[in-house]
Amino acid sequence: MRSKQKWPILGLIILLVAAGIFYAVWRTNRPAPQAGEKAITVEVVHGDGSEKSFTYQTDEEYLGALLQEEGLISGTESEYGLYVTTVDGETADYDADGAYWWLSCNGEDAQTGADQVVIQDGDVYTWTYTVG
């Protein structure tokens with residue numbers, strides 16, 4: 001009977017060690033903030049399909065801080081970071097119709113919220129109004 005009781009504990013320990021290793025690898029391989037001035041482009045695809053493009057020169061390290069400072073995005077802060085509800089004056093109301101703003105970086109889905117996206121020189125960020 002005793003050996004059967006050890007398996008769940010051993011499994012939990014293995015799971016925690018694996019999670020720690022994955023976290024360490026992620027922390028090591030994520031982009032580091034780049035000091036100095038950078039040029040980036042932010043594209044916005046509105047709900048009606050129209051598109052706008054904005055170019056910024058900045059020494060800011062994180063996308064969310066830059067775009068809030070510039071007045072391009074706004075939202076609500078939560079324990080998970082900034083939840084962007086408005087981009088370029090258009091508000092997405094998820095509760096009303098399932099609409100939200102989708103962020104991509106250089107053509108790939110963002111892996112974090114805007115306030116944790118590290119700005120790199122030459123990057124192109126796209127906000128797309130999405131329903132569903």
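Which residue in E4 is the bridge partner of Ser78? In this predicted model, the partner of Ser78 in E4 is Gly81, and the report below starts from the sheet that holds this pair before turning to a second sheet and to a helix.

## The three-stranded sheet

Strands E3, E4 and E5 form an open sheet of three strands in the order E3-E4-E5, and the pairing within this sheet is antiparallel. Its edge strands are E3, covering residues 73-78, and E5, covering residues 90-91, each of which pairs on one side only. In general, the strands of a sheet pair through backbone hydrogen bonds, which may be either parallel or antiparallel in arrangement.

E3 and E4 run antiparallel and are joined by six bridges, one of the pairs being Ser78 with Gly81 in E4. These two strands also form a hairpin, with two residues between them. On the other side, E4 (residues 81-87) is joined to E5 by two bridges, again with the strands running antiparallel. Here Thr86 stands opposite Thr91 in E5, while Val87 stands opposite Glu90 in E5.

## How E4 is enclosed

Of the seven residues of E4, six are buried, so this strand is largely enclosed by the rest of the structure. Buried here means a relative accessible area under 20%.

A residue outside the strand gives a contrasting picture: Gly71, located in the loop between helix H2 (63-69) and E3, is exposed, with a relative accessible area of 58%. Gly71 and Val87 are 16 residues apart in sequence, and their C-alpha atoms are 8.7 Å apart in space.

## Two loop residues with positive phi

Most residues other than glycine have a negative phi. Against that background, Asp88 can be singled out, as its phi is near 50 degrees, a positive value in a residue other than glycine. Asp88 is found in the loop between E4 and E5, and these two strands form a hairpin with two residues between them, Asp88 being in the turn.

Asn106 is another residue with a positive phi, in this case near 55 degrees. Asn106 is found in the loop between strand E6 (99-105) and strand E7 (108-109), and with a relative accessible area of 45% Asn106 is partly exposed.

## The five-stranded sheet

E6 and E7 also belong to an open sheet of five strands, whose order is E2-E1-E8-E6-E7 and whose pairing is mixed. The edge strands of this sheet are E2, covering residues 51-58, and E7, and each of them pairs on one side only.

Within this sheet, E6 and E8 (residues 124-131) pair in the antiparallel sense over seven bridges. Among the residues that face each other across this pair of strands, Trp102 stands opposite Thr128 in E8.

## A nonpolar patch at the surface

Which residues make the nonpolar surface patch of about 450 Å²? The patch is made by Ile9, Ile13, Val17, Ile21 and Val25. One of these residues, Ile21, lies in helix H1, which covers residues 2-29. Ile21 is partly exposed, with a relative accessible area of 49%, and this value falls below the 50% cut-off, over which a residue counts as exposed.

Note on methods
Residues are numbered from 1 along each chain as its sequence is written. This is a predicted model: local features need pLDDT of at least 70, side-chain atom pairs count only at pLDDT 80 or more; totals for chains, interfaces and linings use all residues. Side-chain values use heavy atoms; hydrogens and water are left out. Two strands pair if DSSP finds at least two bridges between them. Helices (H or I, at least four residues) and strands (E, at least two) are DSSP runs, numbered from the N terminus. Buried means under 20% relative accessible area, exposed over 50%, partly exposed in between (1.4 Å probe, protein chains only). Patches are made of residues with over 30% relative accessible area and no salt bridge: like charges are joined within 9 Å, nonpolar side chains (Val, Leu, Ile, Met, Phe, Trp, Tyr) within 5 Å. Accessible areas come from the Shrake-Rupley method with a 1.4 Å probe; for residues, only the protein chains shown count as cover. A salt bridge is a side-chain nitrogen of Lys or Arg within 4 Å of a carboxyl oxygen of Asp or Glu.
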